[in-house]
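Reader: I would like to go through this structure step by step. Could the answers show the reasoning as well as the result?

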Amino acid sequence: MRPALLEAGRRTLVALRRRRERAALGALSRVERGPARARLAPEFARLGGAELLEHFRTRTTPRLPAGFEEAETGSAGSCLARNVEGILKEARAVAAHRWPLLGYGVREFGARVDWLREPASGVEWPLDFHADVQLVRGGGSDVRVLWELNRLGHLVTLARAYAAGGGEGLAEEFFAQVETWAARGYHRFALELFLYTFVLCRENGIEIEERHFLRVRSMLEYLRAYLRPDGRAPLVGDTDGGRFLPLVWRAADDHAYLLAVGAAVFREPRFKLPGGAPEEVFWLTGAGGLQTYEGLEAAALSSSASEVFEHAGACVLREGDLYLMLNASGAGLAGRGAHGHNDALSIEVSACGVSFISDPGTYVYTGDPRARHEFRSTAYHSTVGVDGAEQNTISVDTPFIIGDEARPRVLAFYSDGGRATTCAEHVGYERLAAGPVTHRRSVHFDGRGRFWLVRDSLIDEGEHEHEQEYEHGHDFRFVFHAAPGRLVRTLDARGAGVPDGCAVEVADAATGARLLVVSLEGLGGVAVEPRWASREYGSRVETAAAVWTTRAPVPLVASWLLVPVCAGEEAAARLELALKSVAELMDESGESGG
C-alpha cells in the first residue's frame, strides 16, 4: 500500500511540475512572439557579437580546465605533441560534417546537419514539449541516437583542435553548427560528471567539502576494482556509451582513462595506468597535472584484490589475470528501474587476458523493441531461469520500466590470501505459479588452483499447507553467455571422469586460451544456443550461450567448475587438478560432490 501511495504522490508532483513548465514556456513564447529561445543574462544581452567574443577571449574567470588554456599558450608538453596530428585530422572530419556516433560508425551528416533527423533510421522527430514526445515510435527509430547527436560531443573535438593551433576556421565551424542547432544522454557517466566538475571548481577557487572529494575517490576505487585485468569494464545494465564531456572518443567499456585523471587529481599511484598518460589528463589538469601523473609509480590492474561493494551489489573475486564478478545489483531508482536488466546473480569471467563470459550489453532502446526486450531478459544473462519467468517484470511495450521483484542482496563475503568466497541471493521467483523459488548463488575462488566453483541453490523457504501442490517441480535453465568472438562447443571430458554432455569450453581462437565449464552434478544434454552481444550502442554481433536444462523439484543444487586454460597448458591436466582440489574442498566442508 505504501509504495502505491508514494508512486501516486510522485506522479502528482511530476504533473504539477510539467504544468508550471508549460505555463512558463507559454508566457515566454508570447513575449518572444514565437517559439521561446534561450536568452542572455542582462549583463551580456547589451553586448554586440564582437564585444561578446572579446569578453570571452580575455576574461580571467571562470577558468577552463588547465589543458585548454595551456594549449593556447604553447605549454602543452609532450602529451599533446604526440596527438596533435590525430586531433587535427578528427577536427577536419567534424568540419566536413562526418564523425562517429555511438556504435554506428562514422556517419555523414550532409552540408547542413539536420538535428531533428535520427541518423540511424532517417526518421524526423518533432520539436515538441518533452512530455508530449512519444519515445517509442516504431519503424526502427531510436530516440537515444538522436539524443546523442544533440549532446554535441563532437564539438569538443573542434575545441581541442582549436586550442592546439588548428586555426580560426574551426571556431567558425563550431559556431556555425551551434547556430543551426539552436535554430532547431551510468558509472562512467556519473564519475565523469563529478570528477570533471570538481576539477573545474578547483581551477576556479570554488571550495568543495572534503567528504565530497572522498566520495569521488571511492567511486574511483570501485572503478579500479571492477575493471578486468585487460583494463576493460563489464557492461552491466544499460550501458549506452553516454558521456558528460567526451574529450576523446572512447568505447563503451573503456573506463580506465578516468583512473588516470583521478591519479593526477588525488596523486594516487594505484590509479596510474601502464604506458603513457591518456590525453584527458592533459586537457583537464594541464602540464602540472601531467607532470604529477608521470611522476607516480604505476600499479598494474592485475594487482587488485578480491573485494565486495554491497551497496553497488558487486562481488569481485580476482588475482593476477583471473577475474570473476558476481552481480547482485537491484533494478535501481528505488525499485522503479529504468535502465536495469534481469541480470541478478549473473557472472562475468575473464582469464589469460581474455574475456570468456560476459554481459550481452545494451544494443538499442526504442529502435528495435523486441531486441531491447531480449537484451535485458533473464535468458540473455549468465544466471538461472525458472519456468520461463523473468526475474523482474518487463514488457516489450515498456522498454524503460522494470519491476523490483528480485531484490538481490549480498549475504556473505570472505577473502584470505589467494582464496575468496561470496554468496548472494534474489527472490524474483517467489511469485511463480508452480511454487515459490529463491535463487542463492555462491562462488568460491582458488587463486592458487586457478579455478572458480559456482554453486546454485534453488530453494523454497516458505511454509505451505499443501506441499503436494508443488510436487511437479520446475523447469530450470542454467545459462553461461559467451563474450563476443568466442567459440562455444561441447567438451569430451570423460577422461577426467566427467559424464558425456556435462562440459563445454569457451574458446578464443586468436590466443588459444579456453574456459572449461563443467557440471559437477552430472547435468547432461547441454545445448549451445545462438545469442547476440553488443559492445557499442547500435551495433551487435553474433555469439552463443551454453545452456543446461532440467526439470526438478526444489530444493535443487547445481554446481559448476570454471577452469581457465591458457595457451600452452594441457586442458586435461588442468581439469583433473581442479576436480581434485574441489573434492578436497568439499571433504573439508563436509559436503559431497555430484
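Author: This is a predicted model. We can begin with one strand pairing. Strand 16 covers residues 514–519 and runs antiparallel to strand 19. In that pairing, the residue of strand 19 that bridges to Arg514 is Val565.

Reader: How many bridges join strand 12 to strand 19?

Author: Strand 12 spans residues 451–459 and runs antiparallel to strand 19. One position to look at is Leu458, whose bridge partner in strand 19 is Leu556. The number of bridges joining strand 12 to strand 19 is seven.

Reader: Is strand 19 mostly covered or mostly uncovered?

Author: Strand 19 consists of residues 556–565. A residue is buried if its relative accessible area is under 20%. Nine of the 10 residues in strand 19 are buried, so the strand is mostly covered.

Reader: Which strands stand at the edges of the open sheet?

Author: Eight strands form the open sheet, in the order 9-10-11-12-19-16-15-14, with antiparallel pairing. An edge strand here has a single partner strand, so one of its sides is left without a neighbour in the sheet. That applies to strand 9 (409–416) and strand 14 (487–490).

Reader: What does the twist average from one strand to the next?

Author: The strands to follow are those of the open sheet, in the order 9-10-11-12-19-16-15-14. Going from one strand to the next, the twist averages 15°.

Reader: Which residue of strand 15 is the bridge partner of Thr490?

Author: Strand 14 is joined to strand 15 (residues 503–507) by four bridges, and the two run antiparallel. In strand 15, the partner of Thr490 is Val504.

Reader: Where is Ser382 found, and is it buried or exposed?

Author: Ser382 is in the loop between helix 13 (369–375) and strand 8 (384–386). Its relative accessibility is 2%, and the limit for a buried residue is under 20%. Ser382 therefore counts as buried.

Reader: Which residue has its backbone nitrogen 2.8 Å from a polar atom of the Ser382 side chain?

Author: Ser382 touches several residues beyond four places away in sequence, including Leu345, Ile357, Arg441 and Phe480. His481 is also among the residues touched by Ser382. The backbone nitrogen lying 2.8 Å from a polar atom of the Ser382 side chain belongs to His481.

Reader: How many residues apart in sequence are the parts tied together by Glu529 and Arg477?

Author: The side chains of Glu529 and Arg477 meet in a salt bridge, at 2.9 Å from N to O. Glu529 lies in strand 17 (residues 527–533) and Arg477 in strand 13 (residues 474–481), so the pair ties together parts whose separation in sequence is 52 residues.

Reader: Is Arg151 buried or partly exposed?

Author: Arg151 forms a salt bridge with Glu148, and their closest N and O atoms are 3.1 Å apart. Glu148 is buried, with a relative accessible area of 17%. For Arg151 the relative accessibility is 25%, and buried requires under 20%. Arg151 therefore counts as partly exposed.

Reader: Which residues are linked with Glu148 in a network of salt bridges?

Author: The salt bridge between Glu148 and Arg151 has already been described. The network that contains Glu148 also contains Arg144, Arg151 and Asp240.

Reader: How many salt bridges does the count come to?

Author: A further example is the salt bridge between Arg250 and Asp254, at 3.3 Å from N to O. Arg250 is buried at 17% relative accessible area, and Asp254 is buried at 12%. The count of salt bridges comes to 31.

Notes
Residues numbered from 1 in each chain as written. Predicted model: local features only at pLDDT ≥ 70, side-chain atom pairs only at ≥ 80, totals over all residues. Heavy atoms only, no water. Buried < 20%, exposed > 50% of the residue type's maximum accessible area, 1.4 Å probe, protein only. Pairing = 2+ DSSP bridges. Polar contact = N/O pair within 3.5 Å; in protein donor to acceptor, adjacent residues only side chain to side chain. Contact = heavy atoms within 4.5 Å. Salt bridge = Lys/Arg side-chain N within 4 Å of Asp/Glu carboxyl O. Axes fitted to C-alpha atoms, helices over the stretch in contact; angles between N-to-C directions.
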